[in-house]
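Trainee: Got a minute to walk through this one with me? I'd like to start with strand pairing.

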Amino acid sequence: MSLSFLYPLMWLAATTAIVPIVLHLRRRRDSRVVHFSAMQFLEDQPLARRPFISPRDWPLLLLRLLALLLLVAAFALPYFPRMRQPVITDSRVYVLDNTLSHRVDGGFDGARETIVNALSRTDVETQIAVVELTHKADALVSFGEGRDAAMMKLQALEPSYQRGSYLSAFRLANSLLQQSLGARRHIVLLGDSQTNQWDGELGTPPFLVDTEVLLPEVGSPTRPNAALMDPTIQSVPRGNRTIVQCSTRLFRQGIDTDFEVVFRSNRNETARRQVTIPRDADAITISAEWEIQPTEWVLGEIQIEGNPDSMPEDDRVVFSLAPAREGRLALLAGSAFLRTALSPEVMRGRWNVSVLDSPDDVSAAGKTTDFNVLCVESNRLTAARDFVIQALDAGHGVLLFVDRDTAVAEGYLRELGIELNPPGPRGKLPGFRYVSMEHPIFRPFRSPDFGSLDDIEIHHHRNLQLTDASPLAFSHTGQPLIWESNRWKGRLLVFAFTMDRDDTSWPMLPTFVPFLDKCFQHLRRQVSIRTHFEPGETCIWPVDSEEKVNQVSLVAEDAIPPTVVARAEVEQNQARLSIPGRPGLYAIRYDDRPDIAGVLDVNPPAQESYLSYTASPEVVATWQCVQTAVEPSSKSERPVAAHSVREVLRQRLWWWLLLAGLTALMLETLWVSLRTVG
Amino acid sequence: MSTAAQSKNLIDQFDPRVMSLLSSLDLKARYLVEGFLNGLHQSPFHGLSVEFSEYRDYQPGDDLRHLDWHLYARCDRLCVKKYTQETNVRMYVVVDTSASMSYHGADGWGSKLDVARTLAAALTHLMLRQNDAVGMLSMDQGADGAQFIRPSQKPSQFGLLLHHLQRLTPAGGPRLADLLDQVSRLIHRRSVVLLFSDLLEPAASITAPLQQLRFHGHECLVFQVLDRDETEFPFSQGSVFRDLESGTRRTVDPTAIRQRYLERFAAFMDEHHERFRSLEMPHCVVQTNQDPWAALSMFLVERRRML
C-alpha cells in the first residue's frame with residue numbers, strides 16, 4: 001500500500017536539513033593530518049589524496065537528519081490512500097419510507113438494514129444519499145457524508161407514526177441528485193408502495209431527468225388490517241346530567257368481522273362493545289355514552305382488543321373534551337317551549353339566559369352586548385331588528401326562528417338575506433328527509449342512543465330562500481328547513497319553523513333541549529382552535545394576551561408521570577408547537593401553571609390504515625423523462641474528494657512519525673549532553 | 001584589547017631577573033648610523049646631543065677648540081675636554097607574519113610568532129631605554145603594502161609597538177622577500193634592522209633583498225625562530241602533512257623520511273649560516289621550546305664581546 005501525504009508541500013521544509021550538514025562539515029577535522037611549516041623538506045613525498053569531505057560525527061548527524069525528516073513527514077500528514085483514486089460513476093438516493101404503514105411485517109427495519117448493507121458494501125465509485133420520509137421528506141444522509149456517520153444515523157432512527165408524500169421524497173431525492181457526481185443516477189424506494197401514497201400525484205409534471213427509479217417488490221396487494229379512526233366526542237345535557245357521546249369509525253380490511261372495542265375515559269373503562277361489521281361493509285361507526293362532570297376534562301381512548309392484525313398501531317384512538325363553560329344567551333322569543341327549555345333549571349351550568357321582553361331590555365342588552373348567542377323569533381324583529389344586526393356584526397351567533405310571513409316581517413327578513421316564498425301545506429308531515437349529519441348540530445343524531453330525526457314531525461314551515469347560506473336539513477318535499485348563513489361576522493342559523501306545537505313536535509322529544517344546546521354551542525363565538533393532529537404536524541396555539549403567558553408546554557398525559565415533550569415561547573400571542581411523533585393525548589400548559597389550557601388529540605393518520613399496495617404505480621412514469629443522449633459529462637470523471645483531514649488523522653500515522661521524531665531529538669540532546677559532560 | 005592591556009601582556013612575560021640582566025646590557029650598533037661612537041668618529045651634526053665625559057692633559061696636536069680655557073684661567077692647567085657623543089640609533093623591528101610562523105609544536109611554549117613577538121618586545125624595551133628610536137615594519141595581511149611605524153624614542157612608543165606586535169596575525173604564503181624589499185624601500189637612513197622570521201623560504205629569494213639592505217648600510221640582525229618539530233622532526237606516526245602556507249598535502253612516513261629530512265634541514269641551515277656570515281649579519285636561532293630571555297641574553301653578551 002503506497003504512502004501519500006495530505007500536504008506534500010510541507011516537504012519543502014526538509015531543505016533545512018542542509019543546516020546540520022553544513023554545521024557538521026564546518027566542524028570536520030582531518031584526522032591524522034599534521035599542519036606543518038617546513039614542507040619544503042618533504043617535497044619528494046607523494047601527494048596525499050584529498051579525502052572525501054566527510055562531516056564530523058556521522059552518527060550524530062544522521063540522528064539529527066532523521067529527527068528532522070520524521071518531523072517534516074509528520075507535518076506533511078501521511079496516510080495510506082485507497083488502492084486507486086476512485087471515480088464516481090453512480091449516484092444513488094435511497095428513499096426510506098418511515099411512515100406508519102411501513103411498520104407492517106418489519107418493513108421499516110428491513111429497509112433500514114438494506115441501506116446499512118449498501119453503505120458498508122458498496123464501493124466508493126457509488127455515491128449514496130438517504131432521504132427519510134415521515135410527514136415531510138428529510139435528507140438524512142447527504143452525498144459526501146462519511147459512511148460510518150451515515151450508518152450511525154440510520155441505526156438511531158425510530159419507526160414513526162407519521163404519513164408523508166412519496167412525491168415530496170422523490171423531489172428531494174432529485175434535488176440531491178442534481179448536485180451529485182455520478183453520471184448514472186438512481187432513486188431506490190424502500191417502502192411499502194402504499195396505493196394511497198401514490199394517488200393524487202398524477203398531475204405532477206415530469207422532473208426526474210435520466211434517473212432510474214427502482215421500486216420495491218410488492219408481495220400481496222393487500223394486508224389484513226383493522227383500524228379505528230375519526231373519533232368524535234360531544235357533551236349533551238340530559239336534564240341535570242351531562243352525557244358524553246363518543247363515537248369512532250371502525251375500519252376493517254381482509255380481516256374478521258367481529259371486534260371488541262373498549263371505551264375508556266379518564267383511565268376508567270366506560271363502555272365495551274362487541275361489534276360485528278357486515279361482510280359487505282368495510283367500516284361502521286361505533287359510539288358510546290356515559291355521564292361526566294361537565295366541569296372536568298374528559299381524556300379518553302378507544303381501543304380494539306383481542307383482534308391481532310397487521311398493524312396494531314392503528315387499533316387505538318384518543319379523544320378529549322374540554323369542560324363546559326357557561327355561555328350567555330339572550331332570548332327574544334315568546335315560545336313557551338323555548339322559555340322552558342332555556343330556563344335556569346334546565347340550562348344550569350351551560351347557559352345563562354337573559355329573557356328580553358321589553359324594548360328597554362333590548363336596548364340595554366344592545367348597549368352592553370353581554371351575551372354570546374341571541375335566540376330570536378322573527379316576530380320580534382320589529383323591535384329588535386337593529387339589535388339582531390348589531391349582534392351579527394359584532395360576531396355573535398343568532399338563532400332565528402321564522403314564525404310569521406307578514407309583509408313587515410318579510411322586509412326585516414330581507415335585510416337579513418332571507419326571502420319568503422309562499423308557504424307550504426300544513427299537516428302532520430314527516431320531519432326531515434335530508435340532513436347534514438356532519439354538521440355539529442346534527443352529529444349527536446349519529447348515535448342511535450341520542451334519538452332519531454325520524455321522530456320529529458314538522459307540521460308547518462315557511463318557504464325560505466337565503467343567499468350566502470347553506471341548507472342543513474330538507475323536508476320530504478325537498479324544501480330547506482334549516483339554514484346556516486355565513487354572510488355575517490357571526491353565525492346565523494335560520495329555522496323555517498318555530499319551536500311551537502303548531503309547527504313541530506320537536507319540543508316534545510327528548511332531543512329538543514340537547515339539540516338547542518348544540519345549536520347554541522355552534523353559534524357561540526369562540527376562536528376555532530384545531531386540536532386534532534397527526535404525528536409530526538405543527539400546532540399554532542393562540543394565546544390570549546390577557547393571560548400573560550411566556551411559555552407554552554406540551555405534556556404527554558398518557559405517560560406516568562406526565563412528561564413535557566415540547567416547549568415554545570409565546571410570540572405575537574401564539575406559540576408554535578411541534579406535535580410529537582407518537583400518538584396520544586398532550587396537554588397544553590402555560591408556564592408553571594397546573595391547570596390545563598387545552599388538549600391535543602394526536603391519532604395515527606387514517607390513510608395509513610389502508611394497507612393496499614401498488615407494485616408499479618403509473619405515476620412514477622409520469623415523473624420521469626429522458627433527455628437526448630449526450631456524451632457523459634466530465635463530471636462523471638470527477639474523482640472523489642481528497643481525503644479529509646479527519647480521515648487522515650484517524651490513521652494516526654502522523655502521530656507515530658511525530659513521536660519518533662521527538663524521540664530522535666531527545667536522543668540527540670542526550671548524546672550531546674553526555675559528550676559535553678564527558 | 002587596549003594598548004595598555006596589550007602592553008601589559010607582553011610586559012607580564014618579562015621576568016624581573018631577565019629585565020635586570022637586560023638592563024645592564026645595551027645594544028650597540030656595530031656600524032655607525034650617524035655621528036660616531038665613543039669618539040671614534042666625528043659627528044657631522046653639531047649640537048646634537050654630545051655629553052662631556054672627562055679632562056685629559058693637553059698633548060701637542062690636540063684640537064685647540066677643545067681646550068678648557070676656563071680651567072686654564074682658574075688652575076693654570078692646560079686640559080682638553082673629552083666628550084662622549086652617542087648618536088641616536090634608529091632601529092626597526094621587522095617581523096615575518098607568513099603562515100608558517102603560526103606553527104606551534106607540542107614542546108613549544110608558544111608559536112613561532114609568539115616567540116618573535118616576545119623577543120621583539122624585549123628588544124624594543126631595551127632600545128627605548130637606551131633612548132634609541134624604534135620603529136616597526138611588517139606585512140599587513142589585508143593590504144598589499146607593509147604596515148610601517150615610524151621610529152620614535154618617546155615613552156609612548158613602547159606601548160604603540162606592543163599594540164601592533166600583539167595584533168600581528170600569521171597568514172599567507174612566503175612574504176619575507178617582499179618584506180625585505182619594503183624595508184629597503186621605506187627605510188632611507190642607515191638603521192639597525194631586527195628581523196624576526198623562521199626563514200623557511202627559498203634561500204635564493206631572500207639573498208638579494210638582504211644584500212640590498214647591506215648595500216644601503218643597514219645593520220641587520222637576524223633572529224631565526226624555529227620549532228623543535230622543524231629542527232628534529234620527532235614525528236613517528238604516518239600522517240598526512242599539510243603545508244600551513246600552500247595547503248599542499250603529502251603523505252609521509254616520518255620514520256622512513258626523518259634522516260633525509262634532517263640532512264636537508266641541516267643543509268638549509270648551513271646555507272643560511274654561510275649567507276649571513278658573508279653578509280656580516282648576526283644570526284641567532286631561537287627555538288620555541290627555549291627560554292627566550294636566555295637566548296636573548298646570550299646573543300647580547302656575545303655581541304658585546306664581539307664589539
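Trainee: Which residue is the bridge partner of V555(A) in β32(A)?
Mentor: V564(A) is the bridge partner of V555(A). Strand β31 (residues 551-556) of chain A and β32(A) are joined by six bridges and run antiparallel. Strands here are DSSP runs of E, at least two residues, and helices are runs of H or I, at least four residues, numbered from the N terminus. Two strands pair if DSSP finds at least two bridges between them.

Trainee: Any ground rules before I go on?
Mentor: This is a predicted model, so local features need pLDDT of at least 70 and side-chain atom pairs count only at pLDDT 80 or more, while totals for chains, interfaces and linings use all residues. Residues are numbered from 1 along each chain as its sequence is written, chains are lettered from A and ligands numbered from 1 in the order in which they are written, and side-chain values use heavy atoms, with hydrogens and water left out.

Trainee: Back to the sheet. What is the strand order?
Mentor: β29-β35-β34-β31-β32 in chain A, an open sheet of five strands with mixed pairing. β29 (532-533) and β32 (563-569) stand at the edges with a single partner strand each, so one side of each has no neighbour in the sheet.

Trainee: Switching to β15(A). Is the strand mostly covered or mostly open?
Mentor: Mostly covered. Six of the eight residues in strand β15 (residues 298-305) of chain A are buried, that is, under 20% relative accessible area; exposed is over 50%, and partly exposed lies in between (1.4 Å probe, protein chains only).

Trainee: And which strands does β15(A) pair with?
Mentor: Strand β12 (residues 258-265) of chain A runs antiparallel to β15(A), with six bridges. Strand β16 (residues 316-321) of chain A is also antiparallel to β15(A), again over six bridges. V262(A) stands opposite Q303(A), and E301(A) has V318(A) as bridge partner in β16(A).

Trainee: E301(A) is charged. Which side chain does E301(A) meet in a salt bridge?
Mentor: R264(A), at 3.3 Å, N to O. The rule wants a side-chain nitrogen of Lys or Arg within 4 Å of a carboxyl oxygen of Asp or Glu. E301(A) in strand β15 and R264(A) in strand β12 are 37 residues apart, so the pair links distant parts of the chain. E301(A) is buried, with a relative accessible area of 16%.

Trainee: What about helix α9 of chain B? Which residues form salt bridges there?
Mentor: E271(B) and R275(B) are one pair, at 3.2 Å, N to O. They sit four residues apart in helix α9 (residues 254-279), about one helical turn. E271(B) is partly exposed at 40%, whereas R275(B) is buried at 10%. E274(B) also pairs with R277(B), the closest N and O atoms being 2.5 Å apart. Those two lie three residues apart in the helix.

Trainee: Now the interface. How many residues of chain A are in contact with chain B?
Mentor: 20 residues of chain A are in contact with 28 residues of chain B, contact meaning heavy atoms within 4.5 Å. The chain A side divides into eleven nonpolar, four polar and five charged residues. Nonpolar covers Ala, Val, Leu, Ile, Met, Phe, Trp, Tyr, Cys and Pro; charged covers Asp, Glu, Lys and Arg; the others, Gly among them, are polar.

Trainee: How many salt bridges between chain A and chain B?
Mentor: Zero. Strands do pair across, though: β2 (residues 33-36) of chain A is parallel to β8 (residues 239-243) of chain B over four bridges. V34(A) stands opposite F241(B) there.
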